[in-house]
Amino acid sequence: GGYDVLINPNTLTHELYNGTDMARERFRHRYNVNPTFIEELQSMGMVFSGQAPTRRVMQISELPRSIHPFFLGSQFHPEYTSRPLRPNPCFLGFVRACLNSGRSLTFSLLHLKPTLASNTRITAVTPQP
């Protein structure tokens, strides 16, 4: 079902949701961040940018852009409210961040370089700049 999410100002989430202070999102489960660790996580740089309006339940977390260009996690499922021509703001923000990263999003076999280890075939595939 749908639940309200209170969005904190001056956050990536606030920007993605066009400055709105409240969004309605759909949840499937009710897993939560243990409230005992909220302050500790915040002291290490985690930003809880969305929470339940009436309880101390963190629903969106992010890292500042100074740490990562786009790091956002949610307890809700943005795919439940996305449509082909109207994506959820979280997905739209992710795609915009990828496009603005300056790296090519077109990967073909010509653009990939396999990294080989001694006892294995291909252990990782890394994009060529």
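The following exercises, each with a worked solution, concern a predicted model.

**Exercise 1.** Establish how many helices and strands the protein has, and in what order the elements run from the N terminus.

*Solution.* Begin with the inventory, in which the secondary structure comes to 3 helices and 7 strands. Then follow the chain from the N terminus, where the elements run β-α-β-α-β-β-β-α-β-β.

**Exercise 2.** Work out the order of the strands in the open sheet, and explain why strand 2 and strand 5 are each left with one side lacking a neighbour.

*Solution.* The open sheet is formed by 5 strands in the order 2-1-3-4-5, with antiparallel pairing. Strand 2 (22-26) and strand 5 (72-74) therefore stand at the edges, and because each has a single partner strand, one side of each has no neighbour in the sheet. Neighbouring strands of this sheet are turned against each other by 30 degrees on average, direction ignored. At one of these pairings, strand 1 (residues 2-7) joins strand 2 in the antiparallel sense over 5 bridges, and Val-5 stands opposite Ala-23 in strand 2.

**Exercise 3.** Locate Ser-61 and decide whether Ser-61 is buried or exposed.

*Solution.* Ser-61 has its place in strand 4 (residues 58-62). Its relative accessibility is 16%, and since buried means under 20%, Ser-61 counts as buried. Leaving aside residues up to four places away in sequence, Ser-61 touches Met-46, Val-47, Phe-48 and Ser-49, as well as Phe-71, Leu-72 and Gly-73. For the protein as a whole, buried residues make up 26% of the 129 residues.

Note on methods:
Residues are numbered from 1 along each chain as its sequence is written. This is a predicted model: local features need pLDDT of at least 70, side-chain atom pairs count only at pLDDT 80 or more; totals for chains, interfaces and linings use all residues. Side-chain values use heavy atoms; hydrogens and water are left out. Two strands pair if DSSP finds at least two bridges between them. Helices (H or I, at least four residues) and strands (E, at least two) are DSSP runs, numbered from the N terminus. Axes are lines fitted to C-alpha atoms, for helices over the stretch in contact, and angles run from 0 to 180 degrees between N-to-C directions. Buried means under 20% relative accessible area, exposed over 50%, partly exposed in between (1.4 Å probe, protein chains only). Contact means heavy atoms within 4.5 Å.
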